[in-house]
Amino acid sequence: MKRFMKFLLPVGLFLLVTGCEEMIHEGQPEFVHDGEGPPTMEGIYLEEESILVPIEDFDEEDIDHSFKEFAQDNRSFTYLQFQDDSMAEGIESGTKVGVWCGIVRESAPAQAKCSKIEVMD
């Protein structure tokens, strides 16, 4: 009986914690960054697929490549998703921008849900 309880207690606690994790995040807003303070990320905005490329990985000739060619040559970029689709209107490819993101999924490539995008000097 003691062996059974030694097994059941850790397994039960594990199931309890992992089962309740999703409930903790249910009521939270999707975009939690209020757009104040420094941007979450800075980089070069490429308009075709709404992606952000780190400044140190950007090459001027990347603007002329299709997204497929760019993705084959580069691995360090982030897909950007905006609260409002009109947020990135008027920002041209190759422009240095700052983005404020509440959620960044560390997939390959990364995906970020952004609440604000601003052209940097």
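A residue counts as buried under 20% relative accessible area, as exposed over 50%, and as partly exposed in between (1.4 Å probe, protein chains only). By that yardstick Tyr 79, with a relative accessible area of 27%, is partly exposed. The model here is a predicted one: local features need pLDDT of at least 70, side-chain atom pairs count only at pLDDT 80 or more, and totals for chains, interfaces and linings use all residues. Residues are numbered from 1 along each chain as its sequence is written, and side-chain values use heavy atoms, with hydrogens and water left out.

**The overall layout**

- The chain has two helices and five strands; these are DSSP runs numbered from the N terminus, with helices (H or I) of at least four residues and strands (E) of at least two.
- Reading from the N terminus, you meet the elements in the order α-β-β-α-β-β-β.
- Out of the chain's 121 residues, 28% count as buried.
- About 8,600 Å² of the chain is exposed, and carbon and sulfur atoms supply 53% of that; accessible areas come from the Shrake-Rupley method with a 1.4 Å probe, and for residues only the protein chains shown count as cover.
- Take the contacts (heavy atoms within 4.5 Å) with a separation of 6 or more: residues 24 or more positions apart account for 61% of them.

**How the strands pair up**

- Two strands pair if DSSP finds at least two bridges between them, and E3 (residues 78-82) pairs with E5 (residues 110-119) in the parallel sense over five bridges.
- Within that pairing, Gln 81 stands opposite Lys 113 in E5.
- E4 (residues 95-105) runs antiparallel to E5, and eight bridges join the two.
- To get from E4 to E5, the chain goes through a hairpin of four residues.

**Rings and a charge**

- Searching the whole structure turns up one aromatic pair.
- That pair is Phe 77 with Tyr 79: the ring centres are 5.7 Å apart and the planes sit at 80°, so it is edge-to-face.
- For the cut-offs, rings of Phe, Tyr and Trp (its six-membered ring) pair if their centres lie within 6.5 Å, and planes under 30 degrees apart are stacked, over 60 edge-to-face, and the rest tilted.
- Phe 77 counts as buried because its relative accessibility is 6%.
- Over in E4 and E5, Trp 100 stands opposite Lys 116, and the charged end of Lys 116 sits over the Trp 100 ring, 4.5 Å from its centre.
- "Over a ring" has its own test: NZ of Lys or CZ of Arg must be within 6 Å of the ring centre and within 35 degrees of the ring normal.

**Cysteines**

- A disulfide is a covalent bond between the sulfur atoms of two cysteines.
- With a cut-off of 2.5 Å between the cysteine sulfur atoms, a search of the whole structure finds zero disulfides.
- Cys 101 counts as buried because it has 5% relative accessibility, and Cys 114 counts as buried at 0%.

**Two spots to find in the model**

- Gly 98 is found in strand E4, and at 0% relative accessibility it counts as buried.
- Gly 98 and Pro 38 are 60 residues apart along the chain, yet their C-alpha atoms are separated by 8.4 Å.
- Leaving aside neighbours within four places in sequence, the contacts of Gly 98 include Pro 39, Met 41, Lys 116 and Ile 117.
- Ser 66 lies in the loop between strand E2 (51-53) and helix H2 (67-73), and counts as partly exposed because its relative accessibility is 32%.
- From Ser 66 to Glu 48 is 18 residues in sequence and 8.2 Å in space, C-alpha to C-alpha.
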